[in-house]
Amino acid sequence: MSHVSQLAVDGDSNAVTFPVIHSILSTEALCAEILTQYDLGDQAECQFLVRGVNDTYLVQSSHGQFILRVYRSGWRVVSDVLFEIDVLQHLERKGVPVSLPIARRDGGFAQTIQAPEGPRQLVLFSYAPGVPLDRHGATDSYKHGKALAKLHNATDDFASSHVRGALDLSSLIDQSLRVIQPVYCGSSADWSYLQELAERLRFQVQQFVTQGLDWGVCHGDCHLLNEHISDDQTITFFDFDCCALGWRAYDLAIVRWSEGFYQMDPQDLLWQAFLKGYTECRPLSEIELASIPTFVALREIWHTALVATLQPDMGSQGFDKLLQRTLRLLRAWETTNAFALPE
């Protein structure tokens, strides 16, 4: 059955709208229909910043700058967003600087609109003050480590009534492979390798868990691009879209992945600086340290699945090359890192 019952023709006022996969919401409509629900002072201006996993808008008014996030349709459900808001409010109460959700006049934080492709959630956030950290500098890597440790410390007692899927093996492995497989166009040998590697990684994590891995709130995307540092050296975290309960070693592995996996830090200077900062504020067990290479590989598989998820509206061009690079890097990473449990 056709998804379009009537195609538009010149002069046909009864034509239906052709289905879309991902729409870009009008800044004028957001100003008129959404931003007027907040106490933002003088008339707010809205600028579309970037289209990524979600759409991000910069809002400016006499009360300052804000970030409006419009979640991708089908990416999050309402309980996911409310869990994220709970995490941010908990961190504020514990004194951890974060980009905070801004309440509407009615007291609500999240709302859902009906876009052409389906329902989408919206949340307005405070703007993280400062500038990006130097992702190539050991000093800022050290500061990053200390800040993430404090975030983990602050969420040890976190609880939420809202359900959100955990960063567990089902999410990192099973769901990722299900997303990648339909768009995979490589050889059967490479696909078999990816499946077999995933099972080796699953076994390793299961073994690490039996020996004790810290579990709690993870930022889920805690690389340096999701933090700002101000003149007084305060680091403010933002973009908690991927936050969830998970193994804290996975959060650390994201840092390792964003630097070491792609050979940005061949001498591990950034990684060692990060670990120094982290362990000054929160201890790491031998098991947690040993598990990080395994979680780095799982992060790469998860990230490849994320790119596959975006193909319908970002385009498929280049995905095959990206996947081949992923397989090449995973093979090299597995060779370099034995994924072995400590004695």
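In this predicted model, strand 4 and strand 5 make up a hairpin, with 2 residues lying between them. The two strands, residues 110-115 and residues 118-126, run antiparallel and are joined by 6 bridges. One place to see the pairing is Ala110, which stands opposite Val123 of strand 5. The side chains of strand 4 are worth following one by one, for they alternate along the strand. Gln111, Ile113 and Ala115 point to one face and are buried, whereas Ala110, Thr112 and Gln114 point to the other face and are not buried.

A further set of strands forms an open sheet of 3, in the order 6-8-9 and with antiparallel pairing. Strand 6 (131-132) and strand 9 (235-237) are the edges of this sheet; each has a single partner strand, so one side of each is left without a neighbour in the sheet. Strand 8, residues 227-229, pairs with strand 6 in the antiparallel sense over 2 bridges. Within this pairing, Pro132 has His228 of strand 8 as its bridge partner. As a general reminder, the strands of a sheet pair through backbone hydrogen bonds, in either a parallel or an antiparallel way. Helix 3, made of residues 138-154, lies across strands 8 and 9 and runs at about 55° to strand 9.

The loop between strand 7 (215-218) and strand 8 holds Asn226. Is this residue buried or exposed? With a relative accessibility of 6%, Asn226 falls under the 20% cut-off, and therefore counts as buried. Apart from neighbours within four places in sequence, the residues in contact with Asn226 are His219, Asp221, Thr236, Phe237, Phe238 and Asp239.

Turning to the nonpolar interior, the largest core has 80 residues, and Phe240, Leu252 and Phe295 have the most contacts inside it. Helix 8 (residues 286-314) gives the largest share of this core, 11 residues. A second core, separate from the largest one, has 18 residues, among them Leu25, Cys31, Phe66 and Ala115. Ala115 has already appeared above, as one of the buried residues of strand 4.

Phe295 deserves a closer look. When neighbours within four places in sequence are left aside, Phe295 is in contact with Val205, Leu213, Trp247, Ala249, Tyr250 and Ala253. Aromatic rings come next, with a count of 9 aromatic pairs. In one of them, the rings of Trp247 and Phe295 have centres 5.7 Å apart and planes at 35°, so this pair is tilted. Trp247 belongs to strand 10 (residues 244-247) and Phe295 to helix 8, so their pair ties together parts that are 48 residues apart in sequence. Both of these residues, Trp247 and Phe295, are buried. Together with Trp215 and Tyr250, Trp247 and Phe295 form one aromatic cluster.

Another pair offers a useful contrast: the rings of Trp271 and Phe274 have centres 5.5 Å apart and planes at 20°, so this pair is stacked. Trp271 and Phe274 are 3 residues apart in helix 7 (residues 269-281), which means that about one helical turn separates them. Trp271 and Phe274 are both buried.

Charged side chains also meet aromatic rings in this model. Arg299 lies over the face of Trp257, 4.8 Å from the ring centre. In a second example, the charged end of Arg331 sits over the ring of Tyr193, at 4.3 Å from the centre of that ring.

Conventions:
Residues are numbered from 1 along each chain as its sequence is written. This is a predicted model: local features need pLDDT of at least 70, side-chain atom pairs count only at pLDDT 80 or more; totals for chains, interfaces and linings use all residues. Side-chain values use heavy atoms; hydrogens and water are left out. Two strands pair if DSSP finds at least two bridges between them. Helices (H or I, at least four residues) and strands (E, at least two) are DSSP runs, numbered from the N terminus. Contact means heavy atoms within 4.5 Å. Axes are lines fitted to C-alpha atoms, for helices over the stretch in contact, and angles run from 0 to 180 degrees between N-to-C directions. A nonpolar core is a set of buried Ala, Val, Leu, Ile, Met, Phe, Trp, Tyr and Cys residues joined through side-chain atoms within 4.5 Å. Buried means under 20% relative accessible area, exposed over 50%, partly exposed in between (1.4 Å probe, protein chains only). Rings of Phe, Tyr and Trp (its six-membered ring) pair if their centres lie within 6.5 Å; planes under 30 degrees apart count as stacked, over 60 as edge-to-face and the rest as tilted. A charge sits over a ring if NZ of Lys or CZ of Arg is within 6 Å of the ring centre and within 35 degrees of the ring normal.
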